[in-house]
Every structure is written in C-alpha cells, then in structure tokens.
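User: Please take a close look at a single part of this protein, and walk me through it in connected prose. I would also like to know how far the model can be trusted.

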Amino acid sequence: MKFSVLSLLVGTAIAGRLGNYQVFEKLPSIPKPWTLREDEQVNTELKFKLRIHLKNQNVAAFQQKVYDISTPDHDNYGAHLSHSEIRSMLAPTQESFDLVKDWLETRGLLAKSTFEDDWVYIDGTIGEAEDLLQADYQVFENTETGKLTARTLSYSLPSALHDHIDIIAPTIKFSIPTPHMSTIVKDYPQPPAAKINAIASSPDDIHDGLDTVACNSSITPDCIKALYKFKHFRGSRRNGNELALAGFLEEYAQHDDLAAFLNKYVPDANGSDFATVLINGGLNLQDNVAGPQQIGEANLDIQYGLALAYPTPTTYYSTAGRPPENTNYEVDNEPYLEFLTYLLKLDKIPQTISISYGDGEWTVPEKYARTVCDLFSQVAARGVSVLVSSGDSGSGSNCTRYPGPLKYTPDFPASCPFVTAVGATYKVVPERAVAFSGGGFSNYFPRPAYQDATVQQYLTDVADPNFSKYYNQSGRAYPDVSAQGVYFHTLLNGTDGLLSGTSASAPAFAALVALLNSDRISNGLPSFGLLNPWLYSKAAETFTDITIGKGSGCSQVNGSGFPATKGWDPVTGLGTPDFKKLRVASTGIVS
C-alpha cells in the first residue's frame, strides 16, 4: 500500500509539472477533398505507430552552415558533415527528453516507447494515442481517389511540452504524396510521328547526335543524352558514387521490364540491374511472381535513372504506407519521415537522390512541412543532392482561400529550399515549357539568399504585376531547373508505353547530377551536397534558357499561370542542362 501511495504521489507531482493539456495543432475544417465517413468507426485496438519529434537546438545556425558548405568560394565549401557532427549541433536539450519521458510514464506508455536521436516512437494502439493526445481519431475518405484514412482534426499536449516538441504524427496531416505523372498531357493531341515504335529519320535530321524528328515526338535515353550533351561521358562504377530513386505508395520497380528496356534502348547496359532497400516494411513485389502491381512511376524512375547514369550503382528505396490487413483504412502513411530518418542513420548515403512525389503545400500542416524540410537540410549536410519533381499542375490547378485570400497552390517538397526542384519541358527544336510544369512561390519557406538576386530580378523586371497578389513574392521560388518531361518511352509489363510528367524530368536530371558527382569524386573533389547555391552562381550561365511556353493556372483566376521568359522563371527555372558546360563549371574539365 505504501508503494502504491508513493507512486500516486510521484505521478501527481509529475502531472503537475507538465501542466494542463492545451491544443497543440488544430485544423479549422476538414481539408478538401476529404470528407468524414460517419458510417465507419475507428477500431481503437488497432496497432498504431506514433512519432514524436523533439525540438532541435541551433536550427538556424545549422542551416546557415549547410548553405556555407554548399556555396562555391566559401572557405568551407564541400566540408560535409557526419551523422555525429549533425547530432552534436542539433540534439534536443536533456530537459526535452526528461519531460517527454515523464509524460509517457504517467500515461503508461514509456515501456512501449523507443528513443532514437531526436525521435520518439510509440508502438501502441489508436485508443492509446487518443488518450495520450486527448484526440478523437475518425475515418475520412478522399472523394477524388476513394482512399480512406484515420486522422484527427486536433490534438493537445501538456502545456510544459509545447516548447519541446515539433510535431506528432500521424495526427492532422491528411495528404498522401502523389506521383507526379501528369494526366494533363493525355489531353494533348498526339503528333502523327509520336508512335510507340521508333520512327525513321534521315541523316539530315540528326544534329550532334540528336535525332530532331524522333526526339521532337517522343523521348528515349539517347534523346536525353544527345540533347543535354553527355552521350559520350561515362561515370565510374567503382569510385563509391551512387544514385537512389525513392519509391512510395506501393509503386514497385520491375526487374524484367528494366532488362527489356535496356535491351531495346541501352544495349551497352545489358545485364545491369538495381539494388532494392525496403524501409518500414516496404516491398518491391514483381508482377511475374505476385501478380499485377502499381508499376508506372517506379518503372519510369528506375529505367531512366539507371539507364542515363549507367554504370553508376543504382538503388530503389521502397518505403511502406498501406492499410493494415484487417482494415480498409490507412493509419500509418508517413513516407517522408520514414525515408529521411532511415537515410540519416546510414553511415553512407547515396550522393544523388530523385523523388517524384509531392503534395499541395497547403495540404501539408506547416509544422510537418518544416520538420520534413529540416530533415532534407540534414541530408544535404551529409553531401547529398536531392532532386524533386516540381509538380504537374503549373502554378496550381486549384487556387485556394485556405488559410486566407485566394492564392496559387505551391507544391511540397519542391518548395523546400534544401532540395532542387525540377520542372518539365517538351520538344527539342526548340525546347519549350510544358503547361503542367509545376512552379511558384512557397507560403511556408522564405526565399533563400542563394536565389535572392535572380528571383528579385524576375519579380522586378519580368513578372506581370496583375497576378502578384496571388503568390507570396518573398517565398522560396521554384523550380530551380528543368528537363524533358513528355512522352518518355517506358516498358510496362513488357509493353512499350509513353509516360509524361515532372516524374520523368526529376530522374533524368538526377542521373545527370549523378554523373557530375561521379566526375567530381574521380577527380578528388567532394560530392555537391545541396546543389542550389552552385546552380545559381557558378553554373547559372551554363543552362539553356527556355523562353517559349506557359505553365497552366487555376480556373478561379483568368490568365493565371507563369510564362517562360528570358532568365529564371517559375515554370522552367534556370533552364535545361548542358552537361559539357556544367562539367567545366564543376571540375574545370573540358569534355
């Protein structure tokens, strides 16, 4: 009895120190296109993995250091950081750990909790999460896709914890990243020459290795290599350089389709294959064993990433996020958190990563977006270049008043300043902006110094002032660069099809960056890390400026969407790459 009374007194004292529960995050309403499923009840006994991110220290100083080591001519350029160096700068205070442990102990969840660096993972149930967070989880349906998810509209924490925690997930984030494979281009009239099978061209149509007739209609690896001038460059298989393609949402890259693709389009790479890393219970099921799978995005990424960067070792990272077997609604889809925290625990991370997924920025809670962007900054600090597709809705196909006046809709994570956002072009004589190419200005992240002069010049000299009220002129601007993104030949279940979207542009540009990284490493230089400060300075004049075409806008604003213009613009960025010029800017070596 004495022990029970003592335990009660201690628990009461701890609870008093933590303070009363107060709302920590709250949505004003159910975000579109989700709606409450009143006929479906959450099973409170369902297993549920809760993630708590403790507030880092020195975030501003750390991120300035990331910019410093990524900026040419800075004394620390290329001095990438190790995992332990990052942790020593950012580690939460001991008070943060102590308070969270006390809180979990009072709720009976400490034994179910795991502490890893600045994260706490709780393997409990939905009912225990509701009790811990004073939350009400419900089932919601996405009216566009039919997908179901269990989320809450608000949650609370003891007042003493508000200054020690960044986010808890899954809670109020409804959005699920979507592959950037545009449906808009399906509405384009397909040119007569754009056939699945290669078309015949005369010798007069081939200029510097570029078949201007065939490549003006559809894209193969040879088109990309010739257009961007790296057809005769070969990276190293053995210098430690690697390329990674990120896969989410049960998109599975097919080994047999890759083999057929290489045999048809890159016979020099016959016999090459990709490695697979499975994260958080991820899979990479093969059609010929497990039956039909979702493969379009994954096949597009791996076929062009591997073929263009050959012989660079290439890995497909498959991160899980699916409904449990005993329910029809998703409870644990946090792919960015799982993917990035996994990478940061590795001793060595692939130097170049391509991500072809994204959300509308306003659909991602700001605290969540900032936490993910902070993780990207840590990945960049390790010497890694992350290329992200810029989105397939131009400046946003659906302008929104959430949470304020009518605005264009930026895309995330393209809007994060620690990734390189890749827009899309089409045609080759000349290249032009394609309407779906995503671009704009972040409402969450301020414009970083590395692009300040370039973007300010656009805003001052080029931007149409009639539309300036629809975007945040002081926000991080994107895309940074662009590449071909329409009608990519892709093998799907043995059949040659044409796929389009910034999902194609990102792995194509990432493969080129992987070759530049290989060149740097082979010549005794460090990998790039965060590309952007270099792109906007040393490399700015190497790009082919795209001045034709316009990005699409939203129906609520007549004439909306950004046109391609001279110099940087929010539809094609700095332009498309010229590998030979980029190589000189990178290593000083003339191809």
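Analyst: pLDDT is the predictor's confidence in each residue, on a scale from 0 to 100. The mean pLDDT of this protein is 92, and 92% of its residues reach 70 or more. Over residues 1–10, however, the pLDDT is below 50, and this stretch has zero contacts (heavy atoms within 4.5 Å) beyond near neighbours in sequence. Where pLDDT is low, the predicted coordinates should not be read in detail. This is a predicted model, in which local features need pLDDT of at least 70 and side-chain atom pairs count only at pLDDT 80 or more, while totals for chains, interfaces and linings use all residues. Residues are numbered from 1 along each chain as its sequence is written, and side-chain values use heavy atoms, with hydrogens and water left out.

The part I have chosen is an open sheet of four strands, in the order S4-S5-S3-S9, with antiparallel pairing. Helices (H or I, at least four residues) and strands (E, at least two) are DSSP runs numbered from the N terminus, and two strands pair if DSSP finds at least two bridges between them. Strands S4 (113–116) and S9 (165–169) stand at the edges, and because each has a single partner strand, one side of each is left without a neighbour in the sheet. Neighbouring strands are turned by 15° against each other on average, direction ignored; the axes are lines fitted to C-alpha atoms, for helices over the stretch in contact, and angles run from 0 to 180 degrees between N-to-C directions. Strand S3 (residues 47–54) pairs with S9 in the antiparallel sense over four bridges, and isoleucine 52 stands opposite isoleucine 168 in S9.

Across this sheet lies helix H4 (residues 94–106), which covers S3, S4, strand S5 (119–125) and S9 and runs at about 170° to S4. The 13 residues of H4 should span 18 Å at 1.5 Å a residue, and its end C-alpha atoms are 19 Å apart, which agrees; the expected span is 1.5 Å times one less than the number of residues. In H4, Ser96, Phe97, Leu99, Val100, Asp102, Trp103 and Leu104 are buried, where buried means under 20% relative accessible area, exposed over 50% and partly exposed in between, for a 1.4 Å probe and protein chains only. Glycine 108, which follows H4, has a positive phi near 75°.

Asparagine 56 deserves a separate look, and its place is in the loop between S3 and helix H2 (59–69). With a relative accessible area of 13%, asparagine 56 is buried. The side chain of asparagine 56 makes a polar contact with the side chain of aspartate 118 at 2.7 Å; such a contact is a pair of N or O atoms within 3.5 Å, where within protein one must be able to donate a hydrogen and the other to accept it, and residues adjacent in sequence count only if both atoms are side-chain atoms. A polar atom of the same side chain, that of asparagine 56, lies 3.0 Å from the backbone oxygen of leucine 90. Leaving aside residues up to four places away in sequence, asparagine 56 touches Arg87, Leu90, Pro92, Asp118, Asp166 and Gln378. Of these, Asp166 falls within the range given for S9, 165–169.
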